[in-house]
Each structure stands twice: as structure tokens, then as C-alpha cells.
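This report describes how two chains meet and where open space is found around them. Please consult the sequence and the structure shown below while reading.

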Amino acid sequence: MPRRDLPGILWLPAAVAVLLLALPLVALITRVPWTRAGALLAAPESLSALLLSLGTALAATAAALVLGVPLAAVLASSDRWPTPARRLLRAAVTVPLVLPPVVGGIALLLLLGRQGLVGAPLQSLTGITVPFTTPAVVLAQTFVSMPFLVLAVEGALRGADPRYGIVAASLGASRWHAFRRVTLPLVAPGLVSGAVLCFTRALGEFGATITFAGSLPGVTRTLPVAAYLGLQTSPDSAIVLALLLLAVSVVVLVSLRDRWLRVGA
Amino acid sequence: MRRRAAPAAIAALAAAALVGCASTGAGSGAGTGATAGTVSVFAAASLTDVLEELADRFEAERPGVSVVLSFGGSSGLAAQLTQGAPADVFAAASEDTMAVVADAGLLAGESVVVARNVLEIAVPPGNPAGVTGLADLARPELAIALCDESVPCGAVASRVLAAAGVQAVPDTLEQDVRAVLTKVELGEVDAGLVYRTDVLAAGGRAQGVPFPEAEEEPTDYPIAVLDRAADPELARAFARYVAEDGRSAFEEAGFAAP
């Protein structure tokens, strides 16, 4: 068990790191006004923000699965591409990961806003405007969270044994059939953990949403946006909303971890 | 020897990083345990241009003195102050917000109103939707941005709209007045309710449509010295300077005299 021989000096920074990560959440929980929490949560604004958040985050995860899994498959098999093309593709996937979400929101606005590159012709041709709508929230969340799914699935695909696919092909399976029935089940744990990560990231999305989709109760005001606004006048309701977000994320992570994530680990 | 030095350096770095995080997380950071010559000011976002100019002049007249300004939504700043954020002077965009800080017992003395602002409709250059008055905000086909009611500009907007009997149909309720203005400047909304001074500050990127109902609900900007001021003498001097010598700067920016 070589891991037992950890140099002692690592313990101090590791302990500081744990405190740094855990103490803010402890502080949040100690400040929850438990006696009024029920009433604050049952307020129509809280409920509509919760429902909107769950619905949009689910839709964003679905969009990320439909679009992101094929992208992950392309990325995983892009090694023989010319280097510039491969690097561009990888940058397109990873830049949203490191971009401040507010910048993502501005970029979405400049693309799909009423004066945007695509938004302006879209509006003049079809009359459709995207910003300030619920689909805009889903778009913002997908932009920010899909890369998490893509990278998780790509990693799983690269780790999967290619011989299963080859055997399937030798037995007469079409490429599509082999991908669907052999490769995807092989990477299921990676797929699920990627989808969970994507969902929780979409649930917490704030910057791109408030910039691109705005903030209107029931339409675009998701839980994080409501929590931020709540802080302006009623810190108690902000704390309760934050607790709600924390609870949903923890429940999702814990319930799926036991079923799936340990398989992948 | 080297092998020992490295981990110690890492630990020291981690500790330094923590301390750094702590001080920026508190709000303004600078001006905390201030030296005698520093005034730390928390101020409403709509005062940005005027206070920057006044601070420069104040510093020029008093060599060695430095004014550290932090701008933000008044309500958010008030919340930071009641949570213990360090500042010497607070300038708010509404009496209500100042009252939050006063009720928490954080003021040294009374607040003084230094300027007055009124709402104006901001539209993109050329006014593409032909907005002429408050009633246009009820046109469902227009994209409208307002401040959320939880911040002062939104509270004033809802009072003005209610008094005029206009049922506005906003497409978004923003967290501060500058966010509303940005949506207008980008052409994403046809109209937004902002302060007159914001329209002026936008230069050519937005156009103002004044409306008479706004005069009924002016916004007052109070300034006050906080009781935790590191150098109360200097903090009072700056607050007085803003109130007395700042008049022309406020007028240039579009504020009215209180």
C-alpha cells in the first residue's frame, strides 16, 4: 500500500483545501432560517424558479446527450485528422469550459440576439426572437454544460476496448448498430456521470442565463438568478434558495453515485 | 534542504492565497485597516462617473490622501455593509437603502441628500419602435427591460407605472440599472426604464425619452459617514466635499439639485 506513505507536509494544505471547500457550505447551513424555511420555499416565486430550473436543466441535459455524444465519438476518433482541424475542434469544446459564463452569455447574445449574426436574419425571416425566452435559458445552459458531458464521454470512449466493436462488425453488425448496441453500453458509466455533471452544471448556471435570457419570474428566472436577486432585499430567501440548489445537487450526485459512478471509478 | 523548503513554500503560498481570498471576498478589500490618508467609499452604480471625478479632485487638493471607490447596486452594497464590509462612506441610490444601514446602527450621524435623479425611457439609437411615452411600455409586441423591484430603480419604476396606471409587460427584470441600459445599447430591447443620468452616460449608444410622470417620483441620493470609519475626520471631509463642492459635477452628469 504505497499510498500510506504520504509525505506529512501534504496534510496541512490538504486540510486547508477541505476547509476552504466545506466551510462556506457549513456556514450556509447554519444560517438557514429553519422555522421560516418552509414558508419561504412554498412562496410561488421559489416554486416557479425551482420548476423552471429543473425543467430547463433536464432539457439542456437532453440536448447535450443528443448532440454531445456524437461529438464525443467524433472527438475520440479524431486522432488521424490534420493537426489544425483537430486542435480547432478540441478548442471549440474546451473553451466554453474555461470561459466565464457571462462572456458566454454575451457571445450568445451577439449570435442570437435581435441584432445578432443569426438572430437578426432569423427575426426578419420568421419573426422568432430568442433572448428573454425559456428556450434561451436552455441554450445558455447547454452552451455552458455540454462540454462536461462531451469530455466525460470522450474519455470513456477512448478507454473502451475497440475490439468489441471490431468483433461486432465481423459478425455483420452495421457501424451504427455496433455503436448503439456495443460501444454505448460499454461506456454507459461514463455517459451517466457525464450527464449528471452536465445536469448539475446546467442547474447552477447563472452568468450566461442572466446575460442572454434575462430574468423574468416563471419564464427565465431560474433558482440561481432568484437566489442572487433575493440577496438584494431578503437574504433569508436567498439562503433558502441556495440551500434548495445545494440539496438538489447533492441528491442527484449521491443517488446516482451509488448506482453508476462507482462502476466507472 | 531544498526538499524541505519546497513544501513549506507551498503551505505559505496556500496560506497567503487564503488571506488574499478573504480580503477580496469581504467587498472592497482596500481601505480596511486604512492608513490615515485613505477614504473607502461604497457607492451606487449610477454615481460612478460623478464620484470618480470628485474623488480625483479631492485627492488633487489634498496630497497624500487617496479615495478608494467601490460601486455596485445600492441594495447589494447595503447588504455587504450590514455583513461587516469595511467602508468609511456610503452613498446610496435611495433613502430606503440608506435606512437599512442606518437601522443597523452603522451610521455616524445623519445622511445628507446630495443629488436627485428621475427615470427616463432609454431606447436604442433611432428609437426603432417609436417609443414616445410611458404608455408604450404596455405594448406587448415590444421587448421591454425594467429593473427588478428588489433594487431601487425597479421600486421607483413600479411606483411610477402604478401612479400612471400603466400595466408594463417587461421581458426581463434586471438586477441593476446598468444591466437594463446594456440591453438597450445592444438593441436587444426596444425600451428600458433607467435614470436620466444613465442615458447621458451612454452617450450616443442610447437615446432618452423623458416622460412627465417621472418627475412625481424622483430618486434622492443620500451620503453618510459610517461609524466604523478608520479616519472619521477625513471621511466627513469627503462626504462634505461631495455634498457642497460636487454640485456642478452632479449637474453636468444630469442630476438635479436636491
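## Area buried between the chains

In this predicted model, chain A and chain B bury about 2100 Å² between them, and carbon and sulfur atoms give 62% of that area. On the side of chain A, the residues that lose the most area to chain B are A:Arg114, A:Phe132 and A:Gln232, which together account for 32% of what that side buries. The size of an interface is often expressed in this way, as the accessible area lost when the parts come together.

In terms of residues, 24 from chain A are in contact with 23 from chain B.

## Polar and charged links

Two salt bridges are counted between chain A and chain B. A:Arg114, named above for the area it loses to chain B, has its side chain in a salt bridge with that of B:Asp190, at 2.8 Å from N to O. Nine residue pairs are in polar contact across the interface of the two chains, with both residues at pLDDT 80 or more.

## Elements on the side of chain A

Four elements of chain A give two or more residues to the side that touches chain B: helix 1 (11-30), helix 5 (101-112), helix 11 (207-213) and helix 12 (223-233). Helix 12 of chain A provides the largest share, five residues. By class, this side of chain A consists of 14 nonpolar, seven polar and three charged residues.

## The largest pocket

Rolling a probe the size of a water molecule over the atoms reveals where empty space is left. The largest pocket has a volume of about 840 Å³. It is lined by 29 residues, and those closest to its centre are A:Leu231, A:Ala238, B:Ala79, B:Gln80 and B:Gln83.

At least two lining residues each come from helix 1, helix 12 and helix 13 (235-264) of chain A, and from strand 2 (66-72) and helix 3 (74-82) of chain B. The lining comprises 16 nonpolar, eleven polar and two charged residues.

## The second largest pocket

The second largest pocket holds about 580 Å³ of space. Of its 18 lining residues, A:Ser77, A:Pro162, A:Gly165, A:Phe179 and A:Thr183 are the closest to the centre.

Helix 3 (44-76), helix 7 (134-159), helix 8 (162-170) and helix 9 (175-186) of chain A each contribute at least two residues to this lining. Helix 9 of chain A gives the largest share, six residues. Twelve of the lining residues are nonpolar, three are polar and three are charged.

Definitions and conventions
Residues are numbered from 1 along each chain as its sequence is written. Chains are lettered from A and ligands numbered from 1 in the order in which they are written. This is a predicted model: local features need pLDDT of at least 70, side-chain atom pairs count only at pLDDT 80 or more; totals for chains, interfaces and linings use all residues. Side-chain values use heavy atoms; hydrogens and water are left out. Contact means heavy atoms within 4.5 Å. Buried area is the accessible area (1.4 Å probe) that two parts lose on being put together, summed over both. A salt bridge is a side-chain nitrogen of Lys or Arg within 4 Å of a carboxyl oxygen of Asp or Glu. A polar contact is a pair of N or O atoms within 3.5 Å; within protein, one must be able to donate a hydrogen and the other to accept it, and residues adjacent in sequence count only if both atoms are side-chain atoms. Ala, Val, Leu, Ile, Met, Phe, Trp, Tyr, Cys and Pro count as nonpolar, Asp, Glu, Lys and Arg as charged, and the others, Gly among them, as polar. On a 1 Å grid over the protein atoms alone, a cavity is a set of points where a 1.4 Å probe fits but cannot get out, and a pocket is an open set with protein on both sides within 12 Å along at least five of seven lines; lining residues have an atom within 4 Å of a point. Grid points are joined across faces, edges and corners, and a volume is the space filled by probe spheres set on the points.
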